[in-house]
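Hi everyone, thanks for coming. Today I'd like to walk you through a structure that is new to most of you, so let's put it up on the screen.

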Amino acid sequence: MAFESKQVAVRNQELKVKELCVDLTDVSVIQVSGADLIVTVGEVVTKVRFALKVLAAGGADSAVAASGVTIVDSSAFTLGGDKKAIKVAATTLAAGDQLLIKYEAS
């Protein structure tokens, strides 16, 4: 059973932020474009709140710098366009690694 905050402002914020966790086997959602990862969410992304690279083989998980995360077109992977994808610059995933993204969509 999920906890639902009783404070309206907190509950509204909880409902606004979506979470997606992907790895390289999720080929319908994630793809590699050069040194970047593209996560196609299929809805207009208005804000990326947080991105975290989770390592399967141990070591330190690492937050992705906000400057390395942009909202892009889902087919051209450039700024603007339909804004239905998130580009994580200069990030690679090894087998079993995961990328956790928290974002807002309209």
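Let's begin with one side chain. Lys18 has a relative accessibility of 32%, so it counts as partly exposed, since that class runs from 20% to 50%. Please keep Lys18 in mind, as we'll come back to its partner shortly.

Before that, a word on what you are looking at. This is a predicted model. Its average pLDDT is 92, and 98% of the residues score at least 70. Where is confidence lowest, and where is it highest? The low end is helix α1, residues 8–16, with a mean of 85. The high end is strand β6, residues 69–72, with 98. As a general caution, coordinates should not be read in detail where pLDDT is low.

Now to the sheet. Four strands make an open sheet, in the order β1-β8-β4-β5, and the pairing is antiparallel. Which strands stand at the edges? They are β1, covering 17–22, and β5, covering 62–63. Each has a single partner strand, so one side of each is left without a neighbour in the sheet. Helix α1 packs on this sheet and touches β1, β4 and β8. The direction of α1 makes about 35 degrees with that of β1.

Moving inward along that order, look at β4, residues 45–54, and β8, residues 98–105. How many bridges join β4 and β8? There are eight, and the two strands run in the antiparallel sense. If you want a spot to zoom in on, find Phe50, which stands opposite Lys102 in β8.

There are further strand pairs to see. Strand β3, residues 36–40, runs antiparallel to strand β7, residues 85–88, and four bridges join them. Within that pairing, Val39 has Ile86 of β7 as its bridge partner. Strand β7 also pairs with β6, again in the antiparallel sense and over four bridges. Here Val72 is matched with Ala85 in β7. For anyone new to sheets, strands pair through backbone hydrogen bonds, and they can do so either parallel or antiparallel.

Next, the charged side chains. In general, side chains of opposite charge can pair when their charged atoms come close. How many salt bridges does the structure hold? It holds four, and I'll show you some of them.

Here is the partner I promised for Lys18: its side chain meets that of Glu43 in a salt bridge, at 3.0 Å from N to O. Glu43 sits in the loop between β3 and β4, while Lys18 is in strand β1, so to speak a link between distant parts of the chain, 25 residues apart. Glu43, with 23% relative accessibility, counts as partly exposed.

Then we return to Lys102, the residue opposite Phe50. The side chains of Lys102 and Glu19 form a salt bridge of 2.9 Å, N to O. This pair also links distant parts of the chain, with Lys102 in strand β8 and Glu19 in strand β1, 83 residues apart. Is Lys102 buried or exposed? The answer lies in between: Lys102 is partly exposed, with a relative accessible area of 29%. Leaving out residues up to four places away in sequence, Lys102 touches Val17, Lys18, Glu19, Val48, Arg49 and Phe50. For a sense of distance, the C-alpha atoms of Lys102 and Phe3 are 18 Å apart in space, and these residues are 99 apart in sequence.

One more salt bridge joins the side chains of Lys87 and Asp36, at 3.9 Å from N to O. Lys87 belongs to strand β7 and Asp36 to strand β3, and 51 residues separate them along the chain. Lys87 is partly exposed at 22% relative accessible area, whereas Asp36, at 17%, is buried.

Let me finish with Val69, which is found in strand β6. Its relative accessible area is 14%, and it counts as buried because the cut-off for that class is under 20%. What does Val69 contact, leaving aside its neighbours within four places in sequence? The contacts are Val48, Ala51, Val64, Ile86 and Lys87. Two of these names you have met already: Ile86 as the bridge partner of Val39, and Lys87 in the salt bridge with Asp36. Val69 and Phe50 are 19 residues apart in sequence, with 8.9 Å between their C-alpha atoms.

That's my tour, and I'm happy to take questions.

Terms used:
Residues numbered from 1 in each chain as written. Predicted model: local features only at pLDDT ≥ 70, side-chain atom pairs only at ≥ 80, totals over all residues. Heavy atoms only, no water. pLDDT = per-residue confidence, 0-100. Pairing = 2+ DSSP bridges. Contact = heavy atoms within 4.5 Å. Axes fitted to C-alpha atoms, helices over the stretch in contact; angles between N-to-C directions. Buried < 20%, exposed > 50% of the residue type's maximum accessible area, 1.4 Å probe, protein only.
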